Number of protein chains: 2
Amino acid sequence: MVDAGKALGGSTTRARTRRAILDAAVTVLSNDAAASLHDIAAAAGVGRTTVHRYFPERSDLVRALGHEALEKIGAATVRARLDEGPALQALQRLCQELFELGDLLMLIFSDPQLMTGEEWEVTSDADRALTRLIERGREGGEIDAAMDPDWVQHLLWALLYAAWMHGKAECVGKYDSLNLCLRSLRKALAAGKAA
Amino acid sequence: MVDAGKALGGSTTRARTRRAILDAAVTVLSNDAAASLHDIAAAAGVGRTTVHRYFPERSDLVRALGHEALEKIGAATVRARLDEGPALQALQRLCQELFELGDLLMLIFSDPQLMTGEEWEVTSDADRALTRLIERGREGGEIDAAMDPDWVQHLLWALLYAAWMHGKAECVGKYDSLNLCLRSLRKALAAGKAA
DNA sequence: CTCAAGTGGAACACATTCGTTCCAAAAGCG
DNA sequence: CGCTTTTGGAACGAATGTGTTCCACTTGAG
């Protein structure tokens, strides 16, 4: 209580333990969304009691994971600089950044409950930036005007999912998968005279 | 015991109840893969006891669902006549047929356990037909040679997933979604001089 | 070293689901 | 109509996960 600790987080020890639990949770839950807290604690190399100490209820842990996902998506979006350069290239940069989220990406897909919460209801900066980018691409004639903006978003995420699975299942390098993903995205969205 | 019943299935009454349970299971489990048997029974308008009477253990029900999925995918593949006509058009026919699977499609995605079992290990006729089609398209110059056959399959399923979600979430007609899906698939796979 | 902070394990009550059994009521069929 | 099949509900034991408390142990910072 004497010391507020490092930047709102508590002591360095606490921060590290918290991180270990969150990381383990991502890994374990992305493989099995119904995994028990015992499994998560074990994967984190920590006692189940300790998990409860940091996240009183399971829902608290899930909420924290959702928050983290949202934050990382936001950071990735910033890094992708969606307002700069040709729209299709910006979209590919975003794809690359999001691909780096790894297991967290899978978790978002496999556990819809993760995206439950007021945080996910509101339109985030990242959402707005992406929507703006897509509109820009359509108006600039870079992106096929027949592609509904909502569809483009679904498409983007679905391709990321496919790329991650492809890289995991087959004996394919991560970057081969990513390249196929980017190529597919680019071609699907490209404005062209294709019927 | 006197009568073997209608085609291996038992009495018509039993067949209908079994069907109701399976259908309800698809609907409920596609929304929440961890739903309890009570929920499934309720959705089927049936007592929990009855569910156990048809599927002694939960795993039996899951196995039956997996079997059904496999069968329907097989039937859809047959209907798509993959060996006929231009490869890209055949692929689109397959996409349309699979899209009709509806919630069952989502279930396959959300519950990896569904695809656990020896049935899913072996390469089915449908698998072979699809692989053959993709190879045919690549060799015939219809499909982008840079697209790894495995990737094409991942892409196909991912697009189906995206289309179904897009049709469900937004105020978009099912067929608008399907059309966007088909258009994206066609363009992504098309052989072209695109860099 | 010393003390506070942090941890892990055991034990507990509690809730939920599952799988089972039994029986009376309902529904199908001749 | 009667008989058989099928059903739904109640009740039970077992298993699993959860959330809590308590205490001895380790760790790390001063």
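Two residues count as touching, or in contact, if their C-beta atoms, placed from the backbone, lie within 7 Å. This is a predicted model, where local features need pLDDT of at least 70, side-chain atom pairs count only at pLDDT 80 or more, and totals for chains, interfaces and linings use all residues. Residues are numbered from 1 along each chain as its sequence is written, and chains are lettered from A and ligands numbered from 1 in the order in which they are written.

**View 1. How chains A and B meet.** Turn chain A by 180 degrees with 0.0 Å of shift along the axis and it lands on chain B with an RMSD of 0.1 Å (a least-squares fit on the C-alpha atoms of residues with pLDDT of at least 70 in both). That is the relation of a two-fold axis. In chain A, the residue closest to the rotation axis is Ala188(A), its C-alpha at 2.3 Å. The copies meet through the same surface, because 100% of the interface residues of chain A are also interface residues in chain B.

**View 2. The surroundings of DNA strand C.** Here 21 residues surround the strand (near means a C-beta atom, placed from the backbone, within 6 Å). Thr17(A), Gly47(A), Thr50(A), Ser36(B) and Leu37(B) are the closest. H1 and H3 of chain A, plus H1, H2 (37-44) and H3 of chain B, each supply at least two residues of this surface (helices are DSSP runs of H or I, at least four residues, numbered from the N terminus).

**View 3. The surroundings of DNA strand D.** Of the 20 residues around this strand, Ser36(A), Leu37(A), Thr17(B), Gly47(B) and Thr50(B) come nearest.
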